[in-house]
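Good morning, everyone, and thank you for making room for me on the agenda. I would like to walk you slowly through one structure, so please have the sequence and the picture open beside each other as I speak.

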Amino acid sequence: MNTYILRHAESHFNAKTSEDLNSPLTLNGIAQAYKTGNFLNSYIKEETNLWSSPFLRTRNTAGILHELCSKLAPLKQDWRLREHIYES
């Protein structure tokens, strides 16, 4: 089985239009996720697992990918995939 690692699409936090780390995708981020989903649908030839952190931006991205890519197994979430912030 192949492994593909993707980062979530652009969120409002990334675009600096929100200070909420758990913000949804921007319109640009939605377009990015659709573009990636269409690519994956043409590229992935065998059933592939789809994992996501519980953050909204990653669930939004994964939901779009799952909608477009017929070879993706049902979404699985794991809190260990969340973003970590280390402060000194």
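I will go through the nonpolar cores, then the aromatic rings, and then a few residues in the segment before the helix α1.

Please keep in mind from the start that what you see is a predicted model.

Let me begin with the inside. Which residues make up the largest nonpolar core? There are seven of them in all, namely Leu40, Ile44, Leu50, Ala62, Leu65, Cys69 and Leu72. If you pick out Leu65 and leave aside its neighbours within four places in sequence, you will find that Leu65 is in contact with Leu6, Ala33, Thr36, Gly37, Leu40 and Leu72. There is also a second, separate core of five residues, and among its members are Ala9, Ala33, Ile64 and Leu68.

Now to the rings, where the count comes to two aromatic pairs. In one of them, the rings of Tyr4 and Tyr43 have their centres 6.0 Å apart, and because their planes stand at 80 degrees, this pair is edge-to-face. Tyr4 belongs to the segment before α1 while Tyr43 belongs to helix α1 itself, so the pair ties together parts that are 39 residues apart in sequence. As for the surface, Tyr4 is partly exposed, at 32% relative accessibility, and Tyr43 is likewise partly exposed, with a relative accessible area of 45%.

The other pair is formed by Phe39 and Tyr43, and here the rings are stacked, with 5.3 Å from centre to centre and 20 degrees between the planes. These two residues are four residues apart in helix α1, which means that about one helical turn separates Phe39 from Tyr43. Phe39 counts as partly exposed too, with a relative accessible area of 47%. Taken together, Tyr4, Phe39 and Tyr43 form one aromatic cluster.

While we are on rings, please also look at Phe55, because that ring has a charged neighbour: Arg57 lies over the face of Phe55, at 4.6 Å from the ring centre.

Let us turn next to the segment before α1, a helix that covers 27–43, and to Asn14, which has its place in that segment. Is Asn14 buried, partly exposed or exposed? At 29% relative accessibility, Asn14 counts as partly exposed, since the buried class ends at 20% and the exposed class begins over 50%. Leaving aside neighbours within four places in sequence, Asn14 is in contact with Arg7, His8 and Ala9. The side chain of Asn14 also makes a polar contact, at 2.9 Å, with the side chain of Ser11.

Ser11 lies in the segment before α1 as well, but Ser11 is buried, with a relative accessible area of 0%. Again leaving aside the neighbours within four places in sequence, Ser11 is in contact with Ser23, Pro24, Leu25, Thr26 and Arg57.

My last residue is Lys16, whose place is also in the segment before α1, and which counts as exposed at 73% relative accessibility. What is the phi of Lys16? It is positive, at about 65 degrees, although Lys16 is not a glycine. For background, most residues other than glycine have a negative phi.

That is where I will stop, and I am happy to go back to any of these residues on the screen.

Notes:
Residues numbered from 1 in each chain as written. Predicted model: local features only at pLDDT ≥ 70, side-chain atom pairs only at ≥ 80, totals over all residues. Heavy atoms only, no water. Core = buried A, V, L, I, M, F, W, Y, C linked by side-chain atoms within 4.5 Å. Buried < 20%, exposed > 50% of the residue type's maximum accessible area, 1.4 Å probe, protein only. Contact = heavy atoms within 4.5 Å. Polar contact = N/O pair within 3.5 Å; in protein donor to acceptor, adjacent residues only side chain to side chain. Phe/Tyr/Trp six-rings, centres within 6.5 Å; stacked < 30°, edge-to-face > 60°. Lys NZ or Arg CZ within 6 Å of the ring centre and 35° of its normal.
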